[in-house]
Amino acid sequence: MAQTIKLEVVTPERPVFSAEVAEVQFPTASCGYYGILPGHTPVMTEVGDGLLYYIQEGQKHWLTVFGGFAEVGPESVMVLARESETMDMIDLERAEASRQRALKLLKEAQTEHDMALAQAKLDASLIRLQAAGHPAGHGF
Amino acid sequence: MASLQDIRRRIRSVKNTQQVTKAMKMISAVKLRKSQERLVALRPYASKMAEVVRRVVVRIKGDAEIQPGPAAQAFLSPREEKRIRLVFVASDKGLCGGFNANVAKAATAFVAHCPSEIVHLDVVGKRAVEWAKKQKLTPTKEYLNIPLPGLQRVVTEISASASAQYHDGEIDALYVVYNYFNSPVAQTPTVLRVFPMELDPSFEGKEAGQVSHLLEPDPNAVLETLLPRFVETELLRNLLESSASEHGARMAAMDKASNNAGEMIAKLTLTMNKIRQAGITNQIIEIVSGANA
């Protein structure tokens, strides 16, 4: 049996990642985190917002994913994400600014809809900050 | 015959026009490249999305235990098409050859021969609005002056509401009329049914023997979320195709215009030189005959 799985992450904007990895874990929309090792049963599921990690040559690497689909096979994991970023694509300053903005919006929110929107924005910025190892992201 | 002064003036004016068309061609070339890049970047995603959809559909079709929900029907067994939603995509600006005229012709033919009722019409671009006015159709929603990065938002909006409408039984199909991007110089007006999806029957036999996927949390939930995503991707692709086509068409039209202007300048310059030469000859004859007298 194969010792590695081929992880592919693509978004409508660009192919984000494609390589052989030893292990993958990604957030799903409804069933918590999925950890995938080589030889996994084929599964198809919806991807949630959060951090995906993969282990390559003993090193853990992180990617952000925001919504989408994942197709898991015994030798491959394909993630069709609505949005996804590698670590070096994240702009720390922008994420921090967007966190501040979201916090402000959350305070000012009048309706439940506004509140949900602001919360979603805050979550997204926190995921990015956490991915980049920023202290503000760790309370998440 | 026109005077020297008139011809000089005309040459100057044609030269100005040529400068404008040349600049427009250059701008279109840059915009074409941008649209094309987005289109190329989307392609791997779109093809994988189609692959996933196909697998899920084959999987659900092959399993008698699964009761398809309303979303699943969009992919599996189309309902009779009584009410449809149409998205018509043209451009905001003219000066792009037959781009708008051709796609409008295709849309007109489609509307004329469509047996079902169009209950919802989305138009993208100013020229599309004009077309709807001419056809005495009232667009439900108009999308004007959408920049390239704004397309995603439009697409999300349309696909979310279209999926909901299908779910509620308000529409039975979603059609898009747009310009398909063959190459920078060739566009084909295309009518596409986004859903219900047409499944190539040859896939079914091929994939039936493969391992079937578990669908988490359950098959209908997966399809329910897959449908809007798939529609989104397809629409985004169509809009990008249209945008790339538009800039390609404008580039070709402006190239032609610049060439025509060049030809005109050459012709006018020739006439001008002839008149000038004739004038000089006349003056020489006058001087010579004056000296002789």
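Here's a quick rundown of how chains A and B meet, and how chain A is split up. Bear in mind that this is a predicted model. The contact between the chains draws on 18 residues from chain A and 20 residues from chain B. Chain A itself comes in two pieces, domain 1 (5–88) and domain 2 (91–139).

**Where chain A touches chain B**

- On the chain A side, three strands each put in at least two residues: β5 (43–56), β6 (59–72) and β7 (76–86).
- The top contributor there is β5(A), which hands over four residues.
- Sorted by class, the chain A side of this contact has 10 nonpolar residues, plus four polar and four charged ones.

**Strand pairing across the chains**

- β5(A) also pairs up with a strand of chain B: three bridges link β5(A) to β6 of chain B (residues 214–216).
- The two strands run parallel.
- If you want a spot to zoom in on, try A:V43, whose bridge partner in β6(B) is B:L214.

**Inside chain A: domain 1 against domain 2**

- Measure from C-alpha centre to C-alpha centre and you get 23 Å between domain 1 and domain 2 of chain A.
- The two domains chip in seven residues each to their contact.
- On the domain 1 side, the elements giving two or more residues are β5 and β6 of chain A.
- That domain 1 side breaks down into four nonpolar residues, two polar and one charged.

**Elements that turn up in both places**

- β5 and β6 of chain A each supply at least two residues to the side facing chain B, and both also give two or more to the side of domain 1 that touches domain 2.

Notes:
Residues numbered from 1 in each chain as written. Chains lettered and ligands numbered in written order. Predicted model: local features only at pLDDT ≥ 70, side-chain atom pairs only at ≥ 80, totals over all residues. Nonpolar A, V, L, I, M, F, W, Y, C, P; charged D, E, K, R; others polar. Pairing = 2+ DSSP bridges. Domains from an automatic or database assignment.
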